[in-house]
Structure formats: structure tokens, C-alpha cells
Amino acid sequence: ELVQRYSEQEMRCPVHFSIGQEAVAVGVCQALGSEDSALSGHRSHAHYLARGGDLKRMICELYGKAAGCAGGKGGSMHLIDRSVNFLGSTSIVAGTLPVAVGVAFARKLKKSSGAVVMFFGDAATEEGLFYESANFAALHQLPILFICENNLYSVYSPLEVRQSPSRKNHLLAESLGIQARGGLDGNDVSAVYEEAGKAMNSLRSGAGPCFLEFNTYRWLEHCGPGYDNDIGYRTEAEFHDWKQRDPLEIMGNRLKKQQGYDEFKGAERKKFQSEVSSAVNFAKEAPFPREQNLNEDVYASQR
């Protein structure tokens, strides 16, 4: 729905859609407890919603409305909902990693319950912040789960022009002293949930940080609502190969074996369509922030 609406030019912010990558967000967040926190990067829609973020507030944020989850000032890449322990996303690649590690460090210092999950893409592992954050987490045995969604591309650059073919991101994490697994199926939500569950159990036992790398694929352009296979950085054949592994279809085919699935699917589709339509209409009619609120929430309050 947002892809269709974006051309209306009312969402005046860049958008990084998660279409094709839904299974990682859902599978990981399903393994979390209410006390666990999640943070993300620029492609954060699925993470925000899977963690329980409010759909109306997310869409209002994209429309720049005052009812948005960041007051209409953040846009698509800066989503937050502290009521469900989604502690924010930022636009800078790897920029949220030290924030997530800081949250985990605070949890350990205060001896409070709950772990932290940090979602990021494969390109974040090329940034110095990744190594500094991972090293600090390992050194202090922090309760943080690093989730790398490897969708093969950083904007228009494939892995082969960015990383050595012998490089394995999970082995880099392992070399820093982190329990790590790579090459995992990021399009099977059940498999993601199982792996995330094991990692969260390890975190809760006090065994220190974990790193999971899931292979997946974005369908749309890096930034925007369109398809961009025509510009040559990836092939139509590659796209269709990954499209055959649509996370929703994989789960749907599994559920078909259950009695009453067709009725369930029809009812759920109508419910979702109604919910999305209501949220979009609400966002379009909601007021913009007032000028006098421009300087609010710019800095943390002094306490």
C-alpha cells in the first residue's frame, strides 16, 4: 500500500522497504520477551512492526505528521516506540550498533533483566563501528544479539566488489569472541525463529553476545518504491530466483496443510487490508507538527 501511495508525493522522506526480508524481522522478534529491546538501521519498517510498533504511528511518521512515532520529525529511517521496547533506528550504516551495545552495557551494570537485539545489513560489517561494538560486547560479555541481514547488496554494490570471497562475517564475529553462526536461511520464518530462540536462551543464561547472519533478498530498489533490475547491477534471473523463495509463500505453503487454512487466509487478508487502509487514511488526515514544537525532543531532557 505504501509503495502505491508513495507516488502521491505526500510522504516527503526516503523509504527503504523490507519487502522480501520479512522473515528475519518476524522470526527474531517472535523469540523476544517483553523485557527485551530491539534497535535497527535504515531499513527498519519490518523490525518496528514485528516488535509490536504501532502501524498508525509508523505511517504518520512517514507522512511527517505530529502523531508519528517520532513526532513527524524522523521519517522512515528514524522509527521508535519505547512502549514496546523498540528503542530506535538511525539512517547511518552501523550507526545504531554502539547505541545497542550501550543499552546492553547499561542492562548489565544495573543487573536488569532483558537482552538487546540489533538488526543491521551486511555492509555494516565493513564499518569500524561494527568491530569496536562487537569487541566491547565480547569483552564485557553483554546480553546482545547481533542480527545481520545479508541481502547481498549495499545500494548498487554486490558483495564481490566489497568483500573478499573467502570472507565470512560470522567468522569475523567469532574471532572477536562472540558465539556466531552464518549462512542461515533468512526467508524461512520458522527456521529464523528456531535460531533466534537458541541465541536468546544463550543470552539469558549469561553466556555473552551472539551473532547470527541470515541470507535474504530485497525485492525493491535500495531506496524508494520501485523495481530497479533494469539498471544492471543485478539480473532479472537472480531476482526471480529469490522471488521463488518469498517468505510469505514459504509459510503459506506450510500452512496449507492445516485444516481451514483458506478461510483463515481470506479472513486475515481482509483484516490486514482494513487495518492498513485505516492507518493510511488516519495519517493523511492527521495534523502536521506545529511550528512552536520545532525545538522539542531535539535533545534528551535533563534529569
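## A sheet with helices packed on it

Let's start with a helix: α2 (residues 22–30) lies across three strands, β3, β4 (144–150) and β8 (210–215), and runs at about 170 degrees to β3. Helix α5 (residues 97–109) also packs on the sheet, where it touches β1, β2, β3 and β4. The direction of α5 makes about 170 degrees with that of β3. Keep in mind that this is a predicted model.

Here are the two helices side by side.

| Helix | Residues | Strands | Angle to β3 |
|---|---|---|---|
| α2 | 22–30 | β3, β4, β8 | about 170 degrees |
| α5 | 97–109 | β1, β2, β3, β4 | about 170 degrees |

Now for the sheet itself. It's an open one, built from 6 strands with parallel pairing, and reading across you get β2-β1-β3-β4-β8-β7. The edges belong to β2 (86–89) and β7 (179–185): each has a single partner strand, so one side of each is left without a neighbour in the sheet. On average, neighbouring strands here are turned by 15 degrees against each other, direction ignored.

To zoom in on one pairing, take β1 (residues 37–40) and β3 (residues 116–121), which run in the parallel sense and share 3 bridges. Which residue in β3 is the bridge partner of Ala38? That's Val117.

Finally, have a look at the surface. Val155, Tyr156 and Ile231 make a nonpolar patch there of about 280 Å². Val155 sits in the loop between β5 (153–154) and β6 (157–158). With a relative accessible area of 33%, Val155 counts as partly exposed.

Note on methods:
Residues are numbered from 1 along each chain as its sequence is written. This is a predicted model: local features need pLDDT of at least 70, side-chain atom pairs count only at pLDDT 80 or more; totals for chains, interfaces and linings use all residues. Side-chain values use heavy atoms; hydrogens and water are left out. Two strands pair if DSSP finds at least two bridges between them. Helices (H or I, at least four residues) and strands (E, at least two) are DSSP runs, numbered from the N terminus. Axes are lines fitted to C-alpha atoms, for helices over the stretch in contact, and angles run from 0 to 180 degrees between N-to-C directions. Contact means heavy atoms within 4.5 Å. Patches are made of residues with over 30% relative accessible area and no salt bridge: like charges are joined within 9 Å, nonpolar side chains (Val, Leu, Ile, Met, Phe, Trp, Tyr) within 5 Å. Accessible areas come from the Shrake-Rupley method with a 1.4 Å probe; for residues, only the protein chains shown count as cover. A salt bridge is a side-chain nitrogen of Lys or Arg within 4 Å of a carboxyl oxygen of Asp or Glu. Buried means under 20% relative accessible area, exposed over 50%, partly exposed in between (1.4 Å probe, protein chains only).
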